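Please look at the sequence and the 3D structure below. The briefing then covers its cavity and its ligand.

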Amino acid sequence: MSNYDVPFGVGVDFETGVMDNPDRVITRRASDMRGYYANPEALEALIASGDPIHYMVYEKAIPERQGHLLFCMSVLQPGRVGNEYFLTKGHYHTEVDTAETYLCVGGRGYLLMKTEDGQWAAEKMEKGRMVYAPPLWAHRSINTGSEPLISFCVYPAHAGHNYGDIQTQGFPRRIMQGEPEPRLVK
Ligand code: F6R
Ligand code: ZN
């Protein structure tokens with residue numbers, strides 16, 4: 001029995017994405033993102049110029065077992081590494097048969113998704129838009145706007161995260177600066 005086997009509520013600020021009294025706060029800075037961008041020199045320059053925060057995730061310590069739902073607030077800062085917009089690492093769920101829902105509450109960008117057999121999709125994220133990542137689809141957020149991209153995410157608590165495959169293989173598309181719309185490049 002944990003604190004989270006009884007009902008509870010928690011406040012969330014949709015303007016900032018900050019959750020009240022989170023049990024876990026994950027902070028990823030530029031230096032945590034080596035290997036993820038097309039232009040490693042631009043990433044090193046960013047690290048040398050102050051190593052800014054890329055994104056933060058706020059979570060409650062819901063028990064990671066079947067039946068529970070994990071939820072979090074994800075706040076991805078605006079910015080670019082060279083011409084490539086800031087992104088989250090992205091992952092498959094370890095339990096591949098688990099989906100995830102993202103509700104965007106601020107900012108603008110994409111949820112980029114892919115499967116192991118080569119399918120991919122880029123769903124637009126903007127305030128009030130919900131995006132569904134079905135079972136088997138790896139997912140990564142990308143901020144193409146000038147404000148933080150703020151999402152509320154919910155997924156089965158036993159899902160687990162598999163970053164290794166993305167770290168080695170990446171995604172079939174990158175999202176680069178472009179006018180009037182961002183460019184999706186191979
Ligand atoms: C959880 C989930 C999100 C991400 C968050 C950070 O399954 O998809 O909460 O964890 O947006 O991205 P990653 O985990 O890829 O660094
Ligand atoms: Zn996920």
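How many cavities of 30 Å³ or more does the structure hold? The structure holds one. This is a predicted model, in which local features need pLDDT of at least 70, side-chain atom pairs count only at pLDDT 80 or more, and totals for chains, interfaces and linings use all residues. Residues are numbered from 1 along each chain as its sequence is written, ligands are numbered from 1 in the order in which they are written, and side-chain values use heavy atoms, with hydrogens and water left out.

**The cavity**
- A cavity is a set of points, on a 1 Å grid over the protein atoms alone, where a 1.4 Å probe fits but cannot get out; lining residues have an atom within 4 Å of a point.
- The largest cavity has a volume (the space filled by probe spheres set on the points) of about 40 Å³.
- Its lining is made up of Y92, H93, V96, T98, L136, W137, A138 and H139.
- β6 (92-93) and β11 (138-143) are the elements that give two or more residues to this lining.

**Ligand 1**
- Among the 16 residues around ligand 1, those that come nearest are Y55, E100, Y102, H161 and Y163; a residue is near if one of its heavy atoms lies within 4 Å.
- Oxygen atoms of ligand 1 make polar contacts (pairs of N or O atoms within 3.5 Å): the side chain of Y55 has an N or O atom at 2.5 Å, and the side chain of Y102 has one at 2.7 Å.
- For G90, a backbone N or O atom lies 2.8 Å from an oxygen atom of ligand 1.
- Ligand 1 taken alone exposes 390 Å² (Shrake-Rupley method, 1.4 Å probe), and the protein buries 97% of that.

How values were computed. A polar contact is a pair of N or O atoms within 3.5 Å; within protein, one must be able to donate a hydrogen and the other to accept it, and residues adjacent in sequence count only if both atoms are side-chain atoms. On a 1 Å grid over the protein atoms alone, a cavity is a set of points where a 1.4 Å probe fits but cannot get out, and a pocket is an open set with protein on both sides within 12 Å along at least five of seven lines; lining residues have an atom within 4 Å of a point. Helices (H or I, at least four residues) and strands (E, at least two) are DSSP runs, numbered from the N terminus.
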